[in-house]
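Welcome! Here is a friendly tour for anyone meeting this structure for the first time. Please keep the sequence and the 3D view at hand as you read.

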Amino acid sequence: MLPSQALLPAVVFALTALQALASDTFIAAVYEHAVILPDPTEQPVSPNDALALMNKNMDVLEGAIKEAAQKGAHIIVTPEDGIYGWRFTRESIYPYLEDIPDPVVNWIPCTDPSRFGPAPVQERLSCMARNNSIYVVANIGDKKPCDSSDPKCPSDGRYQYNTDVVFDPQGKLLARYHKYNLFRSETQFDYPKEPEVITFETPFGKFGIFTCFDILFYEPAVVLVSRMQVDTVLFPTAWMNVLPFLTAVEFHSAWAMGMGVNLLAANTHNTSRAMTGSGLFTLQGPAAYHYDSATEEGRLLLAELSARPRLAATYPPAIDWSWYATSIKKFPGENDTFSGAVRKDIFTFSELRHKAGNYTVCQGDLCCHLVYQMSNKRKDEVYVLGAFDGLHGSLIKYHWQICTLLKCPSTNLSTCGEPVETAQTKFEMFSLSGTFGTSYVFPEVLYSGVQLAPGEFQVLRDGRLKSKGGTSKPLITVTLFGRLYEKDLPHPLRT
């Protein structure tokens, strides 16, 4: 006898789980969403108007979720701010918020929508997951009442949190995460009292989740990977690209490689705010990625990933990021240095004056070594070796150590460090290393047109980032990003 319609989602989920258990891989999806934004206002709209706007965005997300499921995806991640956007004050965002319970309540909003009060957004997301038998990850807003018995209770009597939710293929609320590291413009939200470390098990590995700015900090990002040993990180983000180093696909790919995990990064898409760049990133590099600053269209990405990369025979051994760099003396040669600004960070640069050479540049406790050979030394393009060892950021400061081979926008050395997206020079080889004071170092190569270089470079156990051959495209940057979390200043807004 055929199962009843009510049992179909459970049957499909069970079959999907068995299929996943039979394989060491799974199919993941991320959707870069061109968010439909509300009209700017400091006054709250009605709950009905707020829901109408969110339904417009969820219509688009539902189409992406259905397509991903039809193509075999087991999980899909959607962006931060993907359901209502970001044009809000603390007061004006309130109609968009729902009370999101702790997942221990064992709740399927799709079948029991009113259990915790009105929750139309959670109901619809739950039904998307249930009807398509897929894990759905989304970013919404949580509200929690408080009173004078709580000394930290805001004056309006509620906490408001930037929140990620995960629904399993039966539509059950599986995970809830409150963003811990808010960006300086997120004044509509409150900071959680303590950092949350959210993990959950699936038939295809152990997952963790955090949001956007969180990726730059020890809690929760490093804790999830180093202590909790997750296989895959879910990463809704609204990332504003900043060349030459903090472009979304560049840094997110570097972070996944440096941490040795899968990173499912779903970005919002808004070219006026330089928001684009999503991907399915692994410790070997990007399995799929998308960067589009020219159009206003969303994009669905899918890829088959290793379910448990730590158990794979190809999982790389530990890297001593300073081994090679501390074992050699400074390279001799023309090493005249000059200072240049990357945004507000003052780097020490040395111009690469010849077609090939060995260079060393130092700043603070960091010395960066470079061996290189250009395919052709152009007179109209200038490259430099740069070092930075210090605090980055204007309001929220955190400590970087960066070694970089960098193209300058022009032959005027005062422009070195300013954003540049195109180049003409290819390299026959390069080898970059540094005397890093941290084990948390993230490697990446960026080509002209903001393109990654999967499979074209490697990191040796002694900490050298080396090309495997000549670069297939002109080069913008070769970078090692080091993070000294222990030297970070306290977060001024959270404290």
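## A valine and its neighbours

Let us begin with V166, which touches Y135, V136, V137, K172, L173, L174, A175, F200, I209 and L234, leaving out residues up to four places away in sequence. Keep in mind as you look around that this is a predicted model. V166 belongs to strand β4, which covers residues 158-167. Is V166 buried or exposed? With a relative accessible area of 1%, V166 is buried, because the cut-off for that word is under 20%.

One of the residues touched by V166 is V136. V166 and V136 are 30 residues apart along the chain, and their C-alpha atoms are separated by 5.7 Å.

## A buried isoleucine in a loop

Next, find I100 in the loop between β2 (75-77) and α3. I100 is buried, and its relative accessible area is 0%. Which residues does I100 meet, once neighbours within four places in sequence are set aside? They are Q122, I140, G141, D142, K144, T163, V165, L173 and R176. For G141, the C-alpha separation from I100 is 8.3 Å, with the two positions 41 residues apart along the chain.

Two of those contacts of I100, D142 and K144, also pair with each other. Their side chains meet in a salt bridge, with N and O 2.7 Å apart. D142 counts as buried, at 0% relative accessibility.

## Two helices side by side

Two packed helices are described by the angle between their axes and the distance between the axes. Here the pair to look at is helix α2 (residues 47-70) and helix α3 (residues 120-132), whose axes come within 10 Å and cross at roughly 15°. Angles under 35 degrees count as roughly parallel, and α2 and α3 are therefore roughly parallel to each other. Their crossing is right-handed.

Which residues make the contact? On the α2 side they are L51, M54, N55, M58, D59, E62, I65, K66 and A69, while α3 brings P120, V121, R124, L125, M128 and N132. Sorted by class, this contact has nine nonpolar, two polar and four charged residues.

## Pairs of opposite charge

Side chains of opposite charge can pair when their charged atoms come close. How many salt bridges does a search of the whole structure find? The search finds 16. One of them ties into the helix pair you have just seen: the side chains of E62 and R124 meet in a salt bridge, 2.8 Å from N to O. This pair links distant parts of the chain, with E62 in helix α2 and R124 in helix α3, 62 residues apart. R124 is buried, with a relative accessible area of 19%.

K71 also forms a salt bridge, with E67 as its partner and 2.9 Å between the closest N and O atoms. E67 counts as partly exposed, at 33% relative accessibility. Elsewhere, R90, D156, R158 and D190 are joined into one network by salt bridges that share partners.

## Backbone details to look for

Most residues other than glycine have a negative phi, and most peptide bonds are trans. With that in mind, where can you find a cis peptide bond? Look at the bond from E219 to P220, which is cis with omega near 5°. P220 is placed in helix α4 (residues 218-227). Another cis peptide bond joins L243 and P244, with omega about 10°, and P244 lies in the loop between β8 (232-237) and α5 (248-259).

Positive phi values are worth a look too. A274 is not a glycine, yet its phi is positive at about 55°. A274 sits in the loop between β9 (262-267) and β10 (278-282) and counts as partly exposed, at 32% relative accessibility. V450 has a positive phi near 55° and is found in the loop between β20 (441-447) and β21 (451-452). V450 counts as buried, at 2% relative accessibility.

## A last stop at the surface

To finish, turn to D39 in the loop between β1 (25-32) and α2. D39 is exposed, with a relative accessible area of 66%. How far apart in space are D39 and E418? Their C-alpha atoms are 33 Å apart, and the two residues are 379 residues apart in sequence.

Conventions:
Residues are numbered from 1 along each chain as its sequence is written. This is a predicted model: local features need pLDDT of at least 70, side-chain atom pairs count only at pLDDT 80 or more; totals for chains, interfaces and linings use all residues. Side-chain values use heavy atoms; hydrogens and water are left out. Axes are lines fitted to C-alpha atoms, for helices over the stretch in contact, and angles run from 0 to 180 degrees between N-to-C directions. Helices (H or I, at least four residues) and strands (E, at least two) are DSSP runs, numbered from the N terminus. Angles under 35 degrees count as roughly parallel, over 145 as roughly antiparallel, 65 to 115 as roughly perpendicular and the rest as oblique. A crossing is left-handed if the near helix is turned anticlockwise from the far one by less than a right angle, and right-handed if clockwise. Contact means heavy atoms within 4.5 Å. Ala, Val, Leu, Ile, Met, Phe, Trp, Tyr, Cys and Pro count as nonpolar, Asp, Glu, Lys and Arg as charged, and the others, Gly among them, as polar. A salt bridge is a side-chain nitrogen of Lys or Arg within 4 Å of a carboxyl oxygen of Asp or Glu. Buried means under 20% relative accessible area, exposed over 50%, partly exposed in between (1.4 Å probe, protein chains only).
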